[in-house]
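Student: I have a model open and want to learn how to read its features. Where should I begin?

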Amino acid sequence: MDFQARKMDTAVDIHPKEKHFTFDKIPDLTGKVAVVTGGNAGIGYITCRELARKNAYVFLLGRNIEKGQAAIEKINSETGNQNVEFLHLNLKNLKSVKECAENFLAKNLPLHILINNAGITTKTFSLTDDGIQEEFGVNHVGHFLFTKLLLPKIKVSQPARIVNVSSRGHFLVEGGIEFEKLSDPNAQDATQRYSLSKLANILFTNELNVRYLEREQIYANSLHPGLVDTHMSRKNDLSVSETFLSSLISTEDGAITTLYCATSPEIEEKNYRGRYFDPFGIEGETSSCAKDDDLAKKLWDFTENLINKILSQE
């Protein structure tokens, strides 16, 4: 096991026995429209299911149409809510991200809850369709563009929530982001690539609040879902130990903090903006890099320039 993987092991959570938030605390969501990326499996699926159970109109987004439709049929039968739709979204391709946003906007519905949940880890270095390092591209850049495209709709739908699923793994990033090395296959190992993308989720959330949301009733927050027993963790691309794997929580418990940020009345009552939450709906601490306002600005400008360059070539 390499140094970064050993460090990841030291970040093993002690998940609190007492849950600050539970599914039964989700208020009735009749009339609310929610969009969830990566909704066909893992905590994304549970998130969609519980939103649907409380009567939200849910859009489940993913790459695989067959798996997406199967997930929707299951949610329909488990909750009785037929207002669950699939939208195709491939976060590895910015043209697909743009098309997905346009397809949602064409429905002329409000958008009250946007949950950027999808995420990947890869053992080996690879690039997206647009030539971006894959973890950074999928976990951060795709969601950045998707959120920006939907922001005008979110603004006219407020009060609203934006929820970015990050990870305590962001603590493993030391010394900020070396933007010029993001596409260097030898610059980072699998854990470093994943951790950096999760740091980007928090920095994006913080800068989004500063640039667009301070005078709005839009509450954008990030979170660590816990160490969750999903396909992504079980395939163990980050080469963590059995100790780490044995501490995994269920996907149900893994979705609690997301649902807290997306639905709890506390978020508005306490005016939580640009905050970071740990399981199970408890405000958590972030790393010094995640608190770096200059780094957040640099990341925003870098990401915006990267997207503009790619989309101008289409």
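Tutor: We take a helix pair, then two single residues. Keep in mind that this is a predicted model.

Student: At what angle do the axes of α4 and α5 cross?

Tutor: Angles under 35 degrees count as roughly parallel. Helix α4 (residues 94–105) and helix α5 (residues 134–157) cross at roughly 25°, so α4 and α5 are roughly parallel to each other. Their axes come within 9 Å. The crossing is right-handed.

Student: Which residues in α4 and α5 meet?

Tutor: From α4, they are Leu94, Val97, Lys98, Cys100, Ala101, Phe104 and Leu105. From α5, they are Val141, Gly142, Leu145, Phe146, Leu149, Leu150 and Lys153. By class, this contact has 11 nonpolar, one polar and two charged residues.

Student: Next, Ser166. Is Ser166 buried or exposed?

Tutor: Buried means under 20% relative accessible area. Ser166 has 2% relative accessibility, so Ser166 counts as buried. Its place is in the loop between β5 (160–165) and α6 (190–213).

Student: What is Ser166 in contact with, beyond its neighbours within four places in sequence?

Tutor: Lys198, Asn201, Ile202, Leu223, His224 and Pro225.

Student: And how does Glu252 count by relative accessibility?

Tutor: Partly exposed lies between the 20% and 50% cut-offs. Glu252 is at 29%, so Glu252 counts as partly exposed. Glu252 lies in helix α9 (residues 251–263).

Student: Which residues does Glu252 touch, not counting those up to four places away in sequence?

Tutor: Phe23, Ile46 and Arg49. Check Ile43 as well. Glu252 and Ile43 are 209 residues apart in sequence, yet 6.8 Å apart in space, C-alpha to C-alpha.

Note on methods
Residues are numbered from 1 along each chain as its sequence is written. This is a predicted model: local features need pLDDT of at least 70, side-chain atom pairs count only at pLDDT 80 or more; totals for chains, interfaces and linings use all residues. Side-chain values use heavy atoms; hydrogens and water are left out. Helices (H or I, at least four residues) and strands (E, at least two) are DSSP runs, numbered from the N terminus. Buried means under 20% relative accessible area, exposed over 50%, partly exposed in between (1.4 Å probe, protein chains only). Contact means heavy atoms within 4.5 Å. Axes are lines fitted to C-alpha atoms, for helices over the stretch in contact, and angles run from 0 to 180 degrees between N-to-C directions. Angles under 35 degrees count as roughly parallel, over 145 as roughly antiparallel, 65 to 115 as roughly perpendicular and the rest as oblique. A crossing is left-handed if the near helix is turned anticlockwise from the far one by less than a right angle, and right-handed if clockwise. Ala, Val, Leu, Ile, Met, Phe, Trp, Tyr, Cys and Pro count as nonpolar, Asp, Glu, Lys and Arg as charged, and the others, Gly among them, as polar.
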